[in-house]
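Here are a few exercises to help you find your way around a new structure. Have a look at it, then try each task before reading the solution.

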Amino acid sequence: MFMIFGYPVALLFGQLLLGLINGAFYALLSLGLAIIFGMLNIINFAHGALFMVGAFVAWMLQNYLGLDYWWALILSPLIVGAFAVVLEKTVICRLYRIDHLYGLLLTFGLALILEGLFRNEYGSSGLPYRIPQALSGGANLGFMFMPLYRGWVVLVAVVTCLAVWLVIEKTSIGAKLRAATENPGLVQAFGVNVPRMITLTYAAGVALAAFAGVLAAPIYSVNPNMGSNLIIVVFAVVVIGGMGSILGSIVTGFGLGVAEGLTKVFYPQASATVIFVVMVIVLLARPAGLFGKAA
Amino acid sequence: MIARRSLLAGSAAAAVIAPRVRAQGAKPRIKLGVLNDMSGPYRDTGGPLSITCVQQAVQDFGDHGFAVDVINADHGNKPDQGASIARRWYDEDGVDVILDVPTSSVALAVSTVTKEKNKVNLNSGAGTVDLTGSQCNPNTIQWTYDVYMLAKSTGGAMVKSGGDSWFFVTADYVFGQQLASEGAKFVKAAGGKVLGETRYPFPATNDFSSFLLQAQTSGAKVLGLANAGADTINCIKQAAEFGLTQRMKLAALLMFISDVNGLGLQTAQGLTLTESFYWDLNDRTRAFSARLKQKAPDVRADMDQAGCYSAALHYLKAVADMGVANAKANGAAVVARMKAMPTDDDAFGKGSVREDGRGMFPAYLFEVKSPAESQAPWDYYKLIATTPAGEAYRPLAEGGCPLVHT
C-alpha cells in the first residue's frame, strides 16, 4: 500500500474528507455567529445552546407531532428563529449601546438557562434521532465508506453558505444591512426600518444555528450539552476568519476542519488544541483575522 | 385570594409538621449526603435517581429508633468542588456518610477527605480501581463496579466469542486510560492481540469518525470503547453510520441502561455490556423496581443508582447494629462493621464487602435486545453470562491496598 509519512494514503484521504465534513458544521455555525457579530456587534454566546435547541425541536416535532426530518429541516429553524425574535425584542435590544462584555455575559447566561431547562426535562444521556430513510446507507469510495448522510450535510452546508454570502454581498437587502452596520442613523433617514432589520438579522443567524442542529441530530447524541463542546471551536473559527467576516467564516470553517482531521491521525491528543494553536499564530501575524478589516 | 389560600394551606401544613419535628427531635439522627453530577454528562447515570434510591433505602429500612435525613449536592465533576462540599458537609452540616460520587477524580478526592474526617464514603458511581488499590482507606467502600470488572466481563467474553484482535478508542484521562489498559490485559491474557489505540481529548470531542476510520483501517475485529456517557453514544451512532458495525464488533466497556435508552434499540441492538444490576433480572430486582417506580415512574435504575440503594441500606443496618452514637463517632468502625456483616437486599441480592473496601457482587454480561425482542418499555437486556462475585474483581493481593495484610 502507498504510504505518506508512514501512514497509508487511503487513511489520509479519508481523514481529509472527514475534515471537510466537520468543517461544514463549523462553517454553518460560524456563519450565523459572524452575521450576528457583523450586524449587531453582539458576541452571541448562546449560539451553541440554540444549535442544541434546534436539534431538540427536531426531536420534539418527530415525537410529539409525528413530523419527520424533512419537516424539521424547515420548521425547526422557523420556530427557533421566532424564539430569537422574542429574545431580541425583550433582552438583546438593550445591549446595543453598552459595552460588549454585557452582551457576552447575557448571552452566556441565556445559554446556561437553556441548557439547564433541557437537562431538567430530558436528562443528560441524549435522545435517539435516526437518519432519514432516504439518506441512510452509503457508498464505498475505495479508501473509505462514505455515509450518504455526511455527503448530504456537506452539500447542504456549501449551498447554504453560498446563498447567505450571495444575499449579503450581492443583493439590495444585503447592501442595506451592510450600510446599517456602518451608519444606522443615515440608513434610517433613507426610510429603512433599521430596528426591524436588526431583529430579523439576529433571527436569521439563530435560524442558521437551529438548521445546523437539525443536520447534526442524526449523527451526534442529541443532548443538552451538544452545543457547548462545539461552540468554543466555532468561536475560534470566527476569530481566525476575522470577526464578522462572512467569507472568512466559511473558508476558515472548512480549512480548520481539515487541519483538525489530519491532526487526529498524526497526534490525536492534540486534535482539540490544534485550532487554538492556529488561532494564536493567526492573531500574532494578523490581529484582525485572515479576512477581517483592521480596525 | 390566591395568596390568602396558599397562606392558609401553608399554616395548616406547618401545624401538621411542627409536632412531628418536635417528636423527631428527640430521636438521634443520621444524615446521608448524596454527592453526584446533577447538571452534567453523568446526570442520568446517577443524578436525581440516585437520591430517590437512597430515599427508597431509608423507607425500606423502616423505623429503628433513629431518624434519617437525606440531602444532596452537585459536584459538577470537579474534584475541588467535590472535596469542598464534602468538607462542609462533615464539618458544618453533620453529614455522616457520602454516597454515589461518580467521576473517578472526584471520587478519590472525596475519599481522602472522608478518611481525614473519619466519616464514611460509599462510592457507587466511580470506576477507578485505585479506590480499592493504592489509595484505599478504612473509611471507603466501592460498591457497584470498577474498570477491572468491566474489562474482565466484557473483554473476556468478546475474546472467547472470537473477537481476538482489538482496537481501542480511549478518552484521554485517568478513567479511559485505566479502562483501556485493563481491557488490553484481558485481551492479551485470553490469547488476543491489541492492534492499536487512539486517545482523543476529553471532553472536547464531538466527532469520532476519524478515530473510527483508523480503527477500521487497522483490520481489528473488535472496537473497544474505553469511554462513557455521551462519548460512547456518539461513537456507537457514528460507527453504525460509517458501516463499521458490519465488519467489527463493538465492545462498549462502560455503558448504562440510560445510555441504551438514549441510543434507541435500533442502533444499540446487539451490543454487549456489563452491569451489576438490571431491573428485570429476577423477582427481587423486579420487586425493588416496582417500589422505585412509584417515586420515579418514567425511568429505571442502572447499577450506579441501585448501588446507592444497596449501600445505603447496608450502612443503615450497620448503624442499627452498633448504635447511632458509636456510628457517628467513628466512621472507620462503621465500615469495619459493614465489612463484617454479609449484605442482603433486593437490588444486589446476597453479597459481601471485602477487606480492601470492594463490594463483592456478580457481574452480569448482557446483550442489548433488538426492537422486535423488546416487549415493554425498558425491556432492553438479555443475560448472556454471569461472573461470580469471587471472580469478577481484581484479586486482593494484586491491588496493593495498604489495608490488606497477606
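**Exercise 1: a small sheet**

In chain B, strand β12(B) (residues 349–353) and β13(B) pair in the antiparallel sense, with 2 bridges between them. Keep in mind that this is a predicted model.

Task: work out which strands of this sheet sit at its edges.

Solution. Start with the strand order: the sheet is open, with 3 strands running β11-β12-β13 in chain B, and the pairing is antiparallel. Next, look for strands that pair on one side only: these are β11 (343–345) and β13 (359–360) of chain B, so they are the edge strands. To see the register, find Ser352(B), which stands opposite Met360(B) in β13(B).

**Exercise 2: two domains in chain B**

Task: find out how many residues each domain of chain B brings to the contact between them.

Solution. First mark the domains: the assignment gives domain 1 as 27–145 + 282–361 and domain 2 as 148–275 + 363–392. Their C-alpha centres are 27 Å apart. Now count across the contact: domain 1 of chain B brings 17 residues and domain 2 of chain B brings 16. On the domain 1 side, α4 (104–117) and α13 (303–322) of chain B are the elements giving two or more residues. Sort that side by class and you get 7 nonpolar, 6 polar and 4 charged residues.

**Exercise 3: where the chains touch**

Task: say which element of chain A gives the largest share of the side that touches chain B.

Solution. Begin with the totals: 35 residues of chain A and 38 residues of chain B take part in the contact. Then list the chain A elements that supply at least two residues each: α1 (9–40), α4 (100–122), β4 (145–147), α9 (226–241) and α10 (246–266). The largest share, 5 residues, belongs to α1(A). Finally, check the classes on the chain A side: 16 nonpolar, 16 polar and 3 charged residues.

**Exercise 4: the largest nonpolar core**

Task: explain why this core lies between the two domains of chain B.

Solution. Start with the core itself, which has 220 residues; Ala210(A), Leu223(B) and Ala312(B) have the most contacts inside it. The element giving the most to the core is α1(A), with 18 residues. Then turn to chain B: domain 1 (27–145 + 282–361) and domain 2 (148–275 + 363–392) both give residues to the core, so it lies between them. For a closer look, pick Ala312(B): leaving aside neighbours within four places in sequence, it is in contact with Leu32(B), Val54(B), Ala57(B) and Leu99(B).

Note on methods. Residues are numbered from 1 along each chain as its sequence is written. Chains are lettered from A and ligands numbered from 1 in the order in which they are written. This is a predicted model: local features need pLDDT of at least 70, side-chain atom pairs count only at pLDDT 80 or more; totals for chains, interfaces and linings use all residues. Two residues are in contact if their C-beta atoms, placed from the backbone, lie within 7 Å. Helices (H or I, at least four residues) and strands (E, at least two) are DSSP runs, numbered from the N terminus. Ala, Val, Leu, Ile, Met, Phe, Trp, Tyr, Cys and Pro count as nonpolar, Asp, Glu, Lys and Arg as charged, and the others, Gly among them, as polar. Domain bounds come from an automatic or database domain assignment. A nonpolar core is a set of buried Ala, Val, Leu, Ile, Met, Phe, Trp, Tyr and Cys residues joined through C-beta atoms within 7 Å. A residue is buried if 20 or more other C-beta atoms lie within 10 Å of its own, exposed if 12 or fewer, and partly exposed in between; C-beta atoms are placed from the backbone.
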